[in-house]
Amino acid sequence: MSFTLIQQAKPRLHRSELAVPGSNPTFMEKSASSAADVIFLDLEDAVAPDDKEKARTNIIQALNDLDWGNKTMMIRINGLDTHYMYRDVVDIVEACPRLDMILIPKVGVPADVYAIDVLVTQIEQAKKRDKQIGFEVLIETALGMANVEAIAQSSKRLEAMSFGVADYAASTRARSTVIGGVNPDFSVLTDKDESGNRQTHWQDPWLFAQNRMLVACRAYGLRPIDGPFGDFSDPDGYRSAARRCAALGFEGKWAIHPSQIELANEVFTPSEAEVTKARRILEAMEEAAKAGRGAVSLDGRLIDIASIRMAEALIEKANAMKG
């Protein structure tokens with residue numbers, strides 16, 4: 001390991017992140033009894049300009065009056081380029097001790113996070129709050145992706161990053177038909193076989209961006225979260241997108257519809273078989289250590305110190321989900 005040690009963000013269960021418009025009190029009430037790990041009450045894209053102030057009032061009432069259980073509660077504020085943002089932060093943070101996190105949209109440079117940090121820090125000091133509010137940032141522009149490593153180091157409040165695929169596609173001028181979906185034009189054509197036939201293999205157009213954000217998160221101790229999948233009538237498409245991200249190392253995924261919560265929780269929960277294998281790896285390495293060996297084979301495969309780290313991380317996640 002490097003001599004430079006990075007402090008890990010506050011651990012939270014973050015398999016599913018449900019988006020709920022602040023302009024709809026009924027949806028907020030229903031979401032309180034959902035199985036989502038994290039809920040963000042939205043003031044930004046899901047709320048029309050004429051409804052921004054009313055949505056802010058709705059969210060304050062919901063955070064203070066509804067029983068949210070042990071969910072992580074978050075608000076998505078309006079962008080720093082709008083005049084709504086400062087009142088979103090001041091009004092809600094001052095009035096809502098139940099608030100856990102703030103989701104900052106369209107972060108492009110570290111100074112964007114710093115600006116919100118200043119506001120929140122002053123409110124916490126003025127209100128003598130002991131609980132520190134955490135931040136999640138949305139990486140959803142070319143500028144944000146270009147600066148993702150610097151943004152990941154921008155604040156001690158920062159806990160997670162989400163990949164905002166829709167605005168990212170608009171920012172990069174990508175040809176996207178479904179939010180978070182694939183495009184048949186983004187494919188590879190194989191060479192001709194002996195019969196002259198060729199195959200087309202679809203590719204994932206978001207892989208590079210997701211991977212880059214993932215590396216920044218893991219390098220600096222943050223939780224990487226995948227963003228929305230727009231077609232909520234396509235559970236198979238959602239599950240496929242979630243599995244790709246889970247395989248990369250993401251911790252969870254957004255749900256823009258209640259039907260997607262269960263899918264996210266399912267995909268990002270380690271299976272019993274995975275947990276059992278991880279425990280066997282730890283047991284095998286413990287026996288190897290007693291025998292003075294640094295590596296050992298299990299089921300015909302070499303396992304070593306790196307295997308221990310992966311197994312421990314998986315078991316830690318499984319234990320957090322049980323708790």
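I began with Tyr-238, which in this predicted model has 0% relative accessibility and therefore counts as buried, the cut-off being under 20%. I then asked what lies over the face of Tyr-238, and found Lys-253 there, at 5.4 Å from the ring centre.

Next I looked up the ring partner of Tyr-238, which is Phe-229: the two centres are 6.2 Å apart and the planes stand at 85 degrees, so I noted the pair as edge-to-face. Phe-229 has 6% relative accessibility, and so I entered this residue as buried too.

I turned to the helix that holds Tyr-238, α9, in which Gly-237, Arg-239, Ala-241, Ala-242 and Cys-245 are also among the buried residues. I wanted to know what covers the buried residues of α9, and the list includes the helices α8 (207–219) and α10 (259–267) together with the strands β9 (223–226) and β10 (252–255). As a check on the length of α9, I compared the 20 Å expected for its 14 residues (235–248) with the distance between its end C-alpha atoms, which is also 20 Å, so the two agree. Just after α9 I noted Gly-249, whose phi is positive, at about 125 degrees.

Finally I went back to the aromatic pairs, of which a search of the whole structure finds three. Another of them joins Phe-163 and Tyr-168, with centres 5.2 Å apart and planes at 65 degrees, so this pair is edge-to-face, and I recorded both Phe-163 and Tyr-168 as buried. I also logged a charge over a ring at Tyr-84, where the charged end of Lys-52 sits 5.7 Å from the ring centre.

Notes
Residues are numbered from 1 along each chain as its sequence is written. This is a predicted model: local features need pLDDT of at least 70, side-chain atom pairs count only at pLDDT 80 or more; totals for chains, interfaces and linings use all residues. Side-chain values use heavy atoms; hydrogens and water are left out. Rings of Phe, Tyr and Trp (its six-membered ring) pair if their centres lie within 6.5 Å; planes under 30 degrees apart count as stacked, over 60 as edge-to-face and the rest as tilted. Buried means under 20% relative accessible area, exposed over 50%, partly exposed in between (1.4 Å probe, protein chains only). A charge sits over a ring if NZ of Lys or CZ of Arg is within 6 Å of the ring centre and within 35 degrees of the ring normal. Helices (H or I, at least four residues) and strands (E, at least two) are DSSP runs, numbered from the N terminus. The expected span of a helix is 1.5 Å times one less than its number of residues. Contact means heavy atoms within 4.5 Å.
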